[in-house]
Amino acid sequence: MNEGRKEIVQVVFVLIGIIFLIKLFFIQVIDSRYKDLADGNAILPQVEYPSRGLIYDRNHKLIAYNTPEFDVECILQDVKKFDTARFCEVFKMGRPEVRKAFKDMKARKEYSRFKPTVFIDQLSTLEYATVSDHMDEFPGFYIVARTGRAYSTASLANALGYVSEISKSQLEHDSTKIYKQGDYIGQSGIEAYYEEVLRGQRGMRFKLRNVKGVEKGSWNNGAYDTLSVPGTDLVTGIDLDLQQYAEFLLNGKAGSIVAIEPSSGEILTFVSGPSYDPNQLTGRKYSNNFKLISADTMKPLFNRPLMAQYRPGSIFKIAQAMTALQMGVVKPETRFFCDRGNPMNCHGPHSNEDLRGAIANSCNPYFYNVLRRMVNKGKTNDPFSDTRVGLADWNSYIESFGFGGKLGIDLPNEKTGLVPTPAYYDRAYRGRPWKFSNIYSIAIGEGENLVVPLQMANFAATVANRGYYITPHIVKEIGKNGKPLPQYTEKHYTRIDSKNFDIAIDAMEAVVDHGTATRARMADMIVCGKTGSVQNEPRPDHSVFIAFAPRDNPKIAISVYVEFSGQGARAAASIASLLMEKYLTGQVKRTYLEQYVLAGKFL
Amino acid sequence: MLLDQNRGDQRITGNIDWPTVGLFALLLMMGWLNIYAVVYDEATAKSFFDLSTNSGRQMIFIGASLIIVFIIMVVDMRFYETVAYVIFGVAVFVLVLVPIIGKEVGGNKSWLGIGSFGVQPSEFAKFATALAIAKFIGSVGFRMDNMRNQAILFGMIGVPIGLILLQKDFGTALVFVAFLLVFYREGMSPFLLVVGTCAAALFILTLVVPNRLYLEIGVFVIITIIILMGKKTIRRILIFGIAGVIIAGFVESTDYIVNNALKPHHRSRIKVLIDPSSDLKGEGWNVTQSKIAIGSGGFIGKGYLRGTQTKFDFVPKQSTDFIFCTIGEEWGYIGSLAVVGLFVALILRVVHIAERQKNRFARTYGYSVACLFFAHFAINIGMTIGLFPVVGIPLPFFSYGGSALWSFTILLFILLKLDANRGQVLQRMN
């Protein structure tokens, strides 16, 4: 009786043991999911956002800094017994908003129910204060602090640019894979240009927490934690006082002001008018304000000093004069008769000036003749090919001033302007022949010539330096007491000898002393300048003025464009003069001139 | 003559089965280390022996169990057989008392409190029942094929099961079903076991298969094939036909049972077994977190005291019912292999000891010990890895708690005492 039963019983015992071992083998060795699930349970990865580099002006006044900002993050799998009504009450949200927040969170690229995902971004400090006491009522929701951007000034917006959450398309095109959705990135201005320097390095901490979400120290004693590395500070060449004064003067007008320290190429003032307060494009206000600002018909986001391409107008006569001297086609004593209307009109009481006088009085027919001598040197008998050769020669001088190409400022979206070349005219005339009589308006900076205000300021600095320029740049130190980017220490020489610059400078002194720009005259300082009035028929001319001062060892070179405000001698020269006075003497005494500028509304 | 006067070599350890003692000691030690690991907190790390911790208290329980071992070894072996029915009677009486004067712990009213000290009478009912069944089967002239004897045996396990169910302790009640294996070994027809197993399998199938119609068709097809394959006598066809109808009715009634007769938390525990994600935050939480804990251990484990699932309370009851999670998480597959291997070795050793007994009382008792250990081992580990519904029963020697530890110690060492003195027993096997 009962034979074999003891074996059967033992087989059952062993069989169960084997089944367990097989099942255990599957869940412990083969299936790797459980490891991740356990890590997701117990390890709470927390990003430590680095503080973005600060931005200072040349006197180490703080311009851009960081303010604490608080995001609410959610780990969906930890959300238990979510009380929507209570959540709405604490966070002052409506039910549809909460629903939308959940939907948006799940739509995020990096969303996972086991990992923290941004649920509400950018609580203000006040919101944080009211909410933080109640966070324990909402398991699965955490507040993460990071820093947002703020600016100490309402000015300089177009140079600073702004910082905002990285866009979907930027994220897709980010080959470095550094950014994640929700990260901030510089979107324009130096915030964008120096993004890599400013952003610093993100840190990561892995914290352990128990089933209630209570932190239980660091994972593996912090072996995998990385500290965040703060971004590098930038010192700009901007003089914040001068910048604010310049914006004050340009208020109510469209245009741009660029002031440069000639010896270093550092930009002292960079104004695009009209502008906006850079603080409008920070934090939670960003998206609303961005819509408003970008819809503004006056285009405050349009960075005029770099992007507005104007004809240079009479200012270009300085470059023409020096090029002609360098080519040897005129001498300072060369005179041309001002036969008005044939083919060019002129203005002012003069009739037969030499080179200096022609610049001082901005004589158009004089420069018509100068250009003819430069372009038609009679190297061939055919007027068409002679013009072609002459124009190409002329191009090579003009382009050495930095016209017709990007200067390479440390800001995005710089436009090139235009110096017409033979190839350009071939395209313009669609292969039909052209000669001097087709192109002479470029003699006085009209016609096809285009420059951006930055190039004009750089031109003023080049003249001030008697022959070279250093590429204009905003940032003069990367890291406090650091160096600028290497390309901003290099001198670019023009093809003009410095003795010819002296002749131009004589003329520019005369312009201010007794020529078209006597408004720009200062009491104890020799100012050199040149007016321009860019034609815009039927609207009023753009008022243009470039200048530098003092004549010897110049400290500031400036270009001012005021749109639709008439002759350069008025708005532009007055503004330039006031700014030079402010920068060089530290104060403005000529309040009558200030009143004159402020009274002029040209929009 | 309570004390054992007849020990041949005058040593209480004489003739004791050292391999079993070794396995017992090994499992006890591992259990104790794991209890320390469960509550270990780096920030407030306390000594193994700190009495404010579970591991400190477990050390006291272990000390007490060693005293129990000593007492068992010095008591005359004949004492246990003699007083088996008395012990059983006392156990049943105490079980009756529990619902009346017991205190409620965690929803189960299964504790008897004496001051701050509490014991679980249901734990001690196990060895009492084992002794009584062994005595009954070992009695002179006992025949398993006698229906009256079988009825008495079912009564002997039915009474404690019923009383324990009154305490809502479903897990411990289930353990007593293991005695069916003992009955089988001692000659009971396997019919009940087979029918029981088939019923359980069908029960699970009904829950798994979304539409009961498929199952009914399956039953019909299988019955038809069986009828067609054998002799086609009227009687045979009738028997199988009736069996088919009963099975079909069982399938139909299962749905009713699941949805109406079972308590909601039992129902969801069974459903969770099939699909843990059906109730992730509720009943499924335990199984899911338990599997995560064990599964995340990998092959070599996270290292002693380094389990995150257990230490940070993701696994519930991790000191008691889910202690195996700590082993799986911190020691990995190697640890699982060791623990499963040691348990199977212990159970087989107990079977081996049972088979070498010279009287039926000792052999039956030995099988009862093996089957009770087996039930605890199979149900406990089965539930932590999702092969068995979650019913709260301890893993022998590992789970924190005095009552269970003492109960298992008593069970095992009475057998070792009987085994050590088996030479003094007259052969009266049949």
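A:Arg209 stands opposite A:Glu215, a residue of strand 9 of chain A. (Strands here are DSSP runs of E with at least two residues, helices are runs of H or I with at least four, and both are numbered from the N terminus.) Strand 8 (residues 203-209) of chain A is joined to strand 9 of chain A by 2 bridges, and the two run antiparallel. Two strands count as paired if DSSP finds at least two bridges between them.

Before going on, a word on what you're looking at: this is a predicted model, in which local features need pLDDT of at least 70 and side-chain atom pairs count only at pLDDT 80 or more, while totals for chains, interfaces and linings use all residues. Residues are numbered from 1 along each chain as its sequence is written, and chains are lettered from A and ligands numbered from 1 in the order in which they are written.

Back to those strands. They belong to an open sheet of 3 strands in chain A, with the order 1-8-9 and antiparallel pairing. Strand 1 (43-48) and strand 9 (215-218) of chain A sit at the edges with a single partner strand each, so one side of each has no neighbour in the sheet. On average, neighbouring strands of this sheet are turned by 35° against each other, direction ignored. (That angle is between axes, which are lines fitted to C-alpha atoms, for helices over the stretch in contact; angles run from 0 to 180 degrees between N-to-C directions.)

Here's how the two chains look side by side.

| Chain | Helices and strands | Residues and buried share |
|---|---|---|
| Chain A | 22 helices, 18 strands | 603 residues, 44% buried |
| Chain B | 17 helices, 3 strands | 430 residues, 44% buried |

"Buried" means that 20 or more other C-beta atoms lie within 10 Å of the residue's own; with 12 or fewer it is exposed, and in between partly exposed, the C-beta atoms being placed from the backbone.

Another pair of strands in chain A is worth a look. Strand 11 (residues 255-261) and strand 12 of chain A run antiparallel and are joined by 7 bridges. They make a hairpin with 4 residues between them, and A:Gly265 in the turn has a positive phi of about 75°. A:Val258 has A:Phe270, in strand 12 of chain A, as its bridge partner. What about the surroundings of strand 12 (residues 266-273) of chain A? There, 8 of the 8 residues are buried, so the strand is largely enclosed by the rest of the structure.

Helix 19 of chain A is mostly covered too, with 12 of its 12 residues buried. Its 12 residues (453-464) should span 16 Å at 1.5 Å a residue, and the end C-alpha atoms are 17 Å apart, which agrees. (The expected span is 1.5 Å times one less than the number of residues.) Just after helix 19 of chain A, A:Arg466 takes a positive phi of about 55°.

One of the buried residues of helix 19 of chain A is A:Ala460. Leaving aside neighbours within four places in sequence, A:Ala460 is in contact with A:Ile546, A:Ala547, A:Phe548, A:Ala557, A:Ile558 and A:Ser559. (Contact means C-beta atoms, placed from the backbone, within 7 Å.) A:Ala460 is also among the residues with the most contacts inside the largest nonpolar core, which has 124 residues. Helix 21 (residues 571-585) of chain A gives the largest share of this core, 9 residues. A second, separate core of 121 residues includes A:Leu37, B:Val369, B:Tyr400 and B:Ile410. (A nonpolar core is a set of buried Ala, Val, Leu, Ile, Met, Phe, Trp, Tyr and Cys residues joined through C-beta atoms within 7 Å.)

So where do the chains meet? In all, 37 residues of chain B are in contact with 32 residues of chain A. On the side of chain B that touches chain A, helix 15 of chain B supplies the largest share, 11 residues. By class, this side has 21 nonpolar, 10 polar and 6 charged residues. (Ala, Val, Leu, Ile, Met, Phe, Trp, Tyr, Cys and Pro count as nonpolar, Asp, Glu, Lys and Arg as charged, and the others, Gly among them, as polar.)

Over in chain B, B:Thr320 is found in the loop between helix 14 and helix 15. B:Thr320 counts as buried because it has 21 C-beta neighbours inside 10 Å. Leaving aside neighbours within four places in sequence, B:Thr320 is in contact with B:Pro394, B:Ser399, B:Tyr400 and B:Gly401.

Terms used:
Contact = placed C-beta atoms within 7 Å.
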